Amino acid sequence: MGEIIITGVSGQDGSYMVDYLLENTNHNIYGGVRRLSVKNHQNIKHINHPRFKLIDLDVTDPVNITGVIRNIKPDYFINLAANSFVGSSWEMPINHYQTNALAVLHQLEAIRQYCPSCRYYNAGSSEEFGDVQYSPQDEKHPLRPRSPYGAAKASARHLVKVYRESFDLYAVQGWLFNHESERRGEEFVTRKITKGIARIAHQLDLEKHMVGVVGGIKPLNLGNLDAKRDWSHAEDFVYGIWLMMNQNEPKDYVLSSNETHSVRDFVNAALEQAGISGEWTGKGINEKFVHNGKVLVEVNPQFYRPAEVELLLGDSTKARDELMWEPQNDFKTLVSRMYDNDKIKV
Ligand code: NDP
Ligand code: GDR
């Protein structure tokens with residue numbers, strides 16, 4: 001029985017990682033949360049287990065990081081804490097750099113000093129590929145980030161490699177393509193869509209039963225409908241991370257579905273799941289989805305980014321061949337699981 005520290009345990013991936021490790025290992029798990037005036041532990045409220053304990057761990061505080069690592073001397077340290085919203089990284093670049101890059105350096109340094117045999121994972125991202133040069137993107141694709149978020153993750157990647165090679169640490173950073181779920185934060189486009197379409201479906205239903213919707217049906221506002229992402233379910237990825245941490249040699253792997261879909265495709269799949277028909281009209285900022293004369297989805301330039309990653313498509317052949325990793329949920333299953341979870345029950 002060993003000790004595992006997971007940072008960012010209240011987030012999407014952290015919560016699935018705890019579920020996976022409690023089910024499949026006998027290690028003790030310390031889940032790092034930062035102090036907030038009001039707790040947001042929705043994603044972990046179902047976990048009540050003698051091998052799971054919450055600890056205070058703000059990854060931007062080196063004293064906190066060093067103290068925790070020195071006291072627990074973990075066998076595994078899984079760093080999933082981040083400011084993970086790319087869209088906010090132009091407004092708060094320093095916060096992104098401190099949380100997503102500098103924090104990694106503090107963790108690596110504390111591990112080097114106090115428990116060099118600890119296996120370390122940092123959550124890397126397909127956003128590091130950014131302005132892609134070829135598709136699909138594999139482990140050899142150059143780092144060409146387009147946002148302060150992506151630049152911070154790329155910087156962290158270099159630090160992980162330097163510490164691995166200089167001090168012989170088992171330290172890895174996967175390139176994880178987008179992964180979503182019923183526990184996804186609501187500002188990310190997939191969850192925004194499934195929640196938004198669920199609301200609209202409910203309002204259409206009320207109207208059908210002659211119950212007026214005050215102010216009419218408010219359309220779902222989105223940004224770039226043409227952006228393409230390689231979307232998977234988060235449950236499939238936490239298992240891939242654990243495999244990456246348990247090899248003979250530390251290596252970095254891409255995890256992806258190997259399919260790409262546009263934001264518009266995601267909206268269409270959610271509409272289909274909701275049983276709402278209609279058509280897209282207009283182009284660019286005038287594009288709209290119309291159902292029986294009602295605009296249900298429209299473009300709002302407020303959600304455009306200063307620099308966009310237009311296309312991401314992963315090639316996870318190496319992980320599939322060497323780790324024997326295989327995702328279980330395809331695109332359609334992902335959308336239907338998320339939509340069904342957000343559907344308003346009456
Ligand atoms: P979430 O945003 O759902 O979770 C992030 C977690 O980090 C939250 O628990 C948050 O806590 C915590 N956190 C933020 N700042 C701090 C801090 N200063 N100290 C301690 N904890 C902090 O992200 P995901 O679970 O989706 O992602 C997990 C990791 O994987 C992140 O590093 C993300 O960048 C990366 N990643 C995610 C991908 C995805 O598609 N989901 C793809 C590639 C990489 P709080 O609840 O208090 O805000
Ligand atoms: P992303 O996820 O930036 O890929 O980062 P997000 O869901 O925010 O955006 C995906 C794409 O959708 C476009 N888009 C919109 N995005 C948001 N959030 N809101 C909108 O209204 C909207 N309309 C269109 C975006 O422009 C973008 O192209 C996620 C995060 O989990 C990161 O932490 C992770 O590293 C990467 O995935 C891989």
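**Two ligands and a domain interface**

A polar side-chain atom of N178 sits 2.9 Å from an oxygen atom of ligand 2. This distance, like every other value here, comes from a predicted model. Two further residues approach oxygen atoms of ligand 2 through their side chains. R305 places a polar side-chain atom 2.6 Å from an oxygen atom of ligand 2, and in E308 a side-chain N or O atom is 2.6 Å from an oxygen atom of ligand 2. On its own, ligand 2 would expose 700 Å², and the protein buries 96% of that area.

The surroundings of ligand 2 can then be described residue by residue and by class. In total, 23 residues surround ligand 2, with S84, S125, Y149, R305 and E308 the closest. Sorted by class, this shell contains 10 nonpolar, six polar and seven charged residues. Ligand 2 lies between domain 1 and domain 2, because both domains contribute residues to the shell around it.

It helps to turn next to the domains themselves. Domain 1 is assembled from three segments of the protein, 3-182, 232-258 and 313-328, while domain 2 is made up of 189-226, 262-309 and 340-345. Taken over C-alpha atoms, the centres of domain 1 and domain 2 are 32 Å apart. Contact between the two involves 10 residues of domain 1 and eight residues of domain 2.

How much area is buried between domain 1 and domain 2? The value is about 820 Å², and carbon and sulfur atoms account for 57% of it. On the domain 1 side, W90, R146 and E182 lose the most area to domain 2, and together these residues supply 55% of what that side buries. As for specific interactions, three residue pairs are in polar contact across the interface of domain 1 and domain 2, with both residues at pLDDT 80 or more. The salt-bridge rule, by contrast, finds zero salt bridges across the interface of these domains. The residues on the side of domain 1 that touches domain 2 comprise three nonpolar, three polar and four charged.

Ligand 1 completes the picture. Around ligand 1 there are 27 residues, the closest being S10, D13, R34, S84 and Y149. S84 and Y149 are thus named among the closest residues of ligand 1 and also among those of ligand 2. For S84, an N or O atom of the side chain is 2.6 Å from an oxygen atom of ligand 1. Backbone atoms take part as well: a backbone N or O atom of A82 is 3.1 Å from an oxygen atom of ligand 1, and one of G8 is 3.3 Å from an oxygen atom of ligand 1. Ligand 1 has 900 Å² of accessible area on its own, of which the protein covers 90%.

Technical notes
Residues are numbered from 1 along each chain as its sequence is written. Chains are lettered from A and ligands numbered from 1 in the order in which they are written. This is a predicted model: local features need pLDDT of at least 70, side-chain atom pairs count only at pLDDT 80 or more; totals for chains, interfaces and linings use all residues. Side-chain values use heavy atoms; hydrogens and water are left out. A residue is near a molecule or strand if one of its heavy atoms lies within 4 Å of it. A polar contact is a pair of N or O atoms within 3.5 Å; within protein, one must be able to donate a hydrogen and the other to accept it, and residues adjacent in sequence count only if both atoms are side-chain atoms. Accessible areas come from the Shrake-Rupley method with a 1.4 Å probe; for residues, only the protein chains shown count as cover. Ala, Val, Leu, Ile, Met, Phe, Trp, Tyr, Cys and Pro count as nonpolar, Asp, Glu, Lys and Arg as charged, and the others, Gly among them, as polar. Domain bounds come from an automatic or database domain assignment. Contact means heavy atoms within 4.5 Å. Buried area is the accessible area (1.4 Å probe) that two parts lose on being put together, summed over both. A salt bridge is a side-chain nitrogen of Lys or Arg within 4 Å of a carboxyl oxygen of Asp or Glu.
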